[in-house]
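This report works through one protein chain, from a single strand to the helices and one polar side chain. The sequence and the structure come first.

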Amino acid sequence: MKKNILILAMAIAVSSLISCGGDGNGSESTKQIDSTAVADSAFAQIGKVRDLALIFQGGMHRIDWNEQQIAPYVTHKFANGNEDWLFDGFLFLEFKDGRGVQLSPGYDTINATKDIWEWYLDRLFEKNKSLDALNTVIRQKKALIGDPGFKHKVALTAVVPFSGQTDWGELDGVKLDFNNTEDQKTAMRWFINQLTERFAAAGYENLELYGIYWIDEDMVHTNDFPREIKDYIHGKGLEFIWIPYYNAPGTKRWKSLGFDIAYQQPNHFFSRDVPDSRLDEAIDLALAYNMGVQFETDEKALSQDPDSYRDRMLKYLDVFERRGVFEKAPVSYYTGYHLFTDMVEHPSPENQAIMDRLARHIVNRRKIKLGK
């Protein structure tokens, strides 16, 4: 993921960011990680999910994620005609409504109010789209290729209660003021209840809700607020998930913030100004702080793009293979907004080859024993 202009600027100015320390609380920079400590460290334990696909859904600027669109994220058909299951986990997330309103800091101009939170919930649980479409496709694929041997896991997003916001709305006749942490917590508990209750009411027989994702990718705007809601999330038997951008403030404190797992974004794919060494540096960071790693690509990896970034997607495969990421780490997958769908809709030998290579890793990773 990229956090709009901020992340692009960080990618281009990587050397200055690293020299500044990068964690917002005086901790050491990525370059200062001791190589011995890294060697003695490990990736996060692979828990309930090995491979987590990021599905950007909700905003009016997104595709509907109907059955046809989400099917390429459920199974993959190899060049030899064999079809197999792909991701065992799906994260549904959104930053903004596509009409000027933001659900997380830094993505638009207007802070979301309660009615927008409810609108997003309605979009998420819409019939024949998103979660419902995913559940249906899994049912259909079971009939075609057999049971996968696992139940697909789902993580849903906790949107951000913006500090200082006074126009969010009311709960139980009381107007909430987000200058007050308790009011922020009240809104978040209500929203998490909405997520869990609506998910249960939908009766998705092929999906299991396992986690809540914190959408803000750094701790600049939210003042470590995740600590305030971690116990509520854990009390529902759910994991708390985070995916900070490269060297984001708060990254090295992810455990103390209350998260159960954090995936490190390399932010390499998106700009040719970012050197290939960034991938090794991000993996070192993940090892040093017991994180998972994010695989990143997007629609520019298509062979048909006149300025294709396929070579940068291949670099992720090369480095992840060399560093043992596929054998040892939990992996999240940022694929733009619908790359796998585009790969199916725009076939070519090059697209088939790169997808076969990635999918083979995902299929083979099912041999890894799940942890907690």
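How many of the five residues of strand S14 (residues 331-335) are buried, and is the strand enclosed by the rest of the structure or not?

## Strand S14 and its partners

In this predicted model, five of the five residues of S14 are buried, so the strand is largely enclosed by the rest of the structure. Burial applies to both sides of S14: Val 331, Tyr 333 and Thr 335 point one way, Ser 332 and Tyr 334 point the other way, and all are buried.

S14 has parallel pairing with strand S1 (residues 51-56), to which three bridges join it, and with strand S13 (residues 292-297), where the pairing is again parallel and extends over five bridges. Within the pairing with S1, Asp 51 has Val 331 of S14 as its bridge partner, while in S13 the residue standing opposite Tyr 334 of S14 is Glu 296.

## The chain as a whole

The chain holds 13 helices and 14 strands, and 60% of its 372 residues count as buried. Among the contacts between residues at least 6 apart in sequence, 76% join residues that are at least 24 apart. The accessible surface of the chain comes to about 14,400 Å², and carbon and sulfur atoms account for 49% of that area.

## Helices H6, H9 and H13

Helix H6 (residues 130-145) has 16 residues, which at 1.5 Å a residue should span 22 Å, and the end C-alpha atoms are 22 Å apart, in agreement with that expectation. The buried residues of H6 include Ser 130, Leu 131, Asp 132, Ala 133 and Leu 134, and also Lys 141. Just after H6 comes Gly 146, which takes a positive phi of about 95 degrees. Helix H13 (residues 349-364) also has 16 residues with an expected span of 22 Å, and its end C-alpha atoms, 22 Å apart, agree with this value. In H13 the buried residues include Asn 351, Asp 356 and His 361, together with Ile 354, Met 355 and Leu 358.

For helix H9 (residues 277-288), the 12 residues should span 16 Å at 1.5 Å a residue, and the distance of 17 Å between the end C-alpha atoms agrees with this. H9 is mostly covered, with 10 of its 12 residues buried; among them are Arg 278, Asp 280 and Glu 281, as well as Leu 279, Ala 282 and Ile 283. Asn 290, which follows H9, has a positive phi near 55 degrees.

## The surroundings of Gln 102

Is Gln 102 buried or exposed? This residue, whose place is in strand S5 (residues 101-102), has a relative accessible area of 7%, and since a residue counts as buried under 20%, Gln 102 is buried.

Two polar contacts involve the side chain of Gln 102: a polar atom of this side chain lies 3.1 Å from the backbone nitrogen of Tyr 107, and the side chain also makes a polar contact of 2.8 Å with the side chain of Asn 111. Tyr 107 and Asn 111 are also among the residues that Gln 102 touches when residues up to four places away in sequence are not counted, and the others are Phe 95, Lys 96, Asp 108, Ile 110, Ala 112 and Phe 162.

Note on methods. Residues are numbered from 1 along each chain as its sequence is written. This is a predicted model: local features need pLDDT of at least 70, side-chain atom pairs count only at pLDDT 80 or more; totals for chains, interfaces and linings use all residues. Side-chain values use heavy atoms; hydrogens and water are left out. Buried means under 20% relative accessible area, exposed over 50%, partly exposed in between (1.4 Å probe, protein chains only). Helices (H or I, at least four residues) and strands (E, at least two) are DSSP runs, numbered from the N terminus. Two strands pair if DSSP finds at least two bridges between them. Contact means heavy atoms within 4.5 Å. Accessible areas come from the Shrake-Rupley method with a 1.4 Å probe; for residues, only the protein chains shown count as cover. The expected span of a helix is 1.5 Å times one less than its number of residues. A polar contact is a pair of N or O atoms within 3.5 Å; within protein, one must be able to donate a hydrogen and the other to accept it, and residues adjacent in sequence count only if both atoms are side-chain atoms.
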